[in-house]
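Me: Please take a close look at one part for me. What makes up its lining, and how does that lining connect to the rest of the fold?

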Amino acid sequence: MSYKCDVFLCHSKRDVDMARPLYEQMKEWGFTVWFDEEDLLPGQSWRDGIEDGIKNCRIFLICLSSTWISEKSYAHKELKLALDVAQQLPDGRVFIIPAKFDDCKIPSSICDLQWVNLYESKGFDRLRKSLAMYLKSLTPVAPATSVKTVIAFFKERGWHVYELDPWDG
């Protein structure tokens, strides 16, 4: 399988002030991260974008907080989608990693998964090491390839490539 990103970052909208620094930190660590504020484009169906992000990530990082637990939000649906994806994976394959922003409860659907406490001093380091270890064993993220790159590839090999202008009726 070809993946679009290393990590899908699931969080409550009200926790964005904690999620954004985590997103920035994971990028600094060298991971490709799906983050709603960066990856959902104006005019795009956000439901389709989120579903595609979850289905095409290597790790689903769910950022839990007292807010996440107590509020009604689409983040709960994101977790259900991730659980569906996880059921299709081989036994023992780590897909969902719970990360806690505060001392909240873990949802019963993932209570058997070990979590990381990001509010503790070693939390970020534990997360970095876990992500690096799990991602190292998985298929790498496919590089973005432009049409021009593909055309150049075939032309270099002597193929005749007919380029069509998509705006030409």
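Reply: **The second largest pocket and its surroundings**

Three residues in the lining of the second largest pocket come from α5, and that is the largest share. β1, α3 (46–55) and α5 each give at least two residues to this lining. (Helices, H or I over at least four residues, and strands, E over at least two, are DSSP runs numbered from the N terminus.) A pocket here is an open set of points on a 1 Å grid over the protein atoms alone, where a 1.4 Å probe fits, with protein on both sides within 12 Å along at least five of seven lines; lining residues have an atom within 4 Å of a point.

Two notes on method. The model is predicted, with local features needing pLDDT of at least 70 and side-chain atom pairs pLDDT 80 or more, while totals for chains, interfaces and linings use all residues. Residues are numbered from 1 along each chain as its sequence is written, and side-chain values use heavy atoms, without hydrogens or water.

The second largest pocket has a volume of about 220 Å³. (Volume is the space filled by probe spheres set on the grid points, which are joined across faces, edges and corners.) Its lining counts 15 residues, and K13, D36, I50, Y74 and E78 are the closest to its centre.

Take D36 from that group. D36 sits in helix α2, which covers residues 36–39. The relative accessibility of D36 is 13%, so D36 counts as buried. (Buried means under 20% relative accessible area, exposed over 50%, partly exposed in between; 1.4 Å probe, protein chains only.) Set aside neighbours within four places in sequence, and D36 touches H11 and K13. (Contact means heavy atoms within 4.5 Å.) K13 also belongs to the residues closest to the centre of this pocket.

**Across to the largest pocket**

The largest pocket encloses about 440 Å³. Its lining has 24 residues, of which V94, F95, I96, I97 and L113 are the closest to the centre. Which elements give this lining two or more residues? They are α5 (74–87), β4 and α6. Helix α6 gives four residues, the largest share. α5 links the two descriptions: this helix gives two or more residues to the lining of the largest pocket, and it supplies the largest share in the second largest one.

**The sheet between these elements**

β1 and β4 both belong to an open sheet of five strands, ordered β2-β1-β3-β4-β5 with parallel pairing. β2 (33–34) and β5 (116–117) are the edge strands; each has a single partner strand, so one side of each lacks a neighbour in the sheet. (Two strands pair if DSSP finds at least two bridges between them.)

Start from β1, one of the pocket-lining elements. β1 (residues 5–10) runs parallel to β3 (residues 57–64), and five bridges join them. Within this pairing, V7 has I59 in β3 as its bridge partner. Helix α6 (residues 123–136) packs on the sheet and touches β1, β3, β4 (96–100) and β5.

β3 then pairs with β4, again in the parallel sense and over five bridges. Here F60 is bridged to I96 of β4. β4 runs parallel to β5 as well, over two bridges. A99 finds its bridge partner in V116 of β5.

β4 is mostly covered, with five of its five residues buried. In a regular strand, side chains alternate between the two faces of the sheet. In β4, I96, P98 and K100 point one way, while I97 and A99 point the other way; all are buried. I96 and I97, which point opposite ways, are both among the residues closest to the centre of the largest pocket.

**Where helix α6 meets the strands**

L131 lies in helix α6. Is L131 buried or exposed? At 0% relative accessibility, L131 counts as buried. Beyond its neighbours within four places in sequence, L131 contacts V7, M26, F31, I59 and I97. V7 and I59 in that list are the bridge partners between β1 and β3. I97 is 34 residues from L131 in sequence, and their C-alpha atoms are 9.0 Å apart.

**The whole chain**

The protein chain has seven helices and five strands. Along the sequence they follow β-α-β-α-α-β-α-α-β-β-α-α. Of its 169 residues, 37% count as buried. Among contacts between residues at least 6 apart in sequence, 68% join residues at least 24 apart.

Technical notes
Axes are lines fitted to C-alpha atoms, for helices over the stretch in contact, and angles run from 0 to 180 degrees between N-to-C directions.
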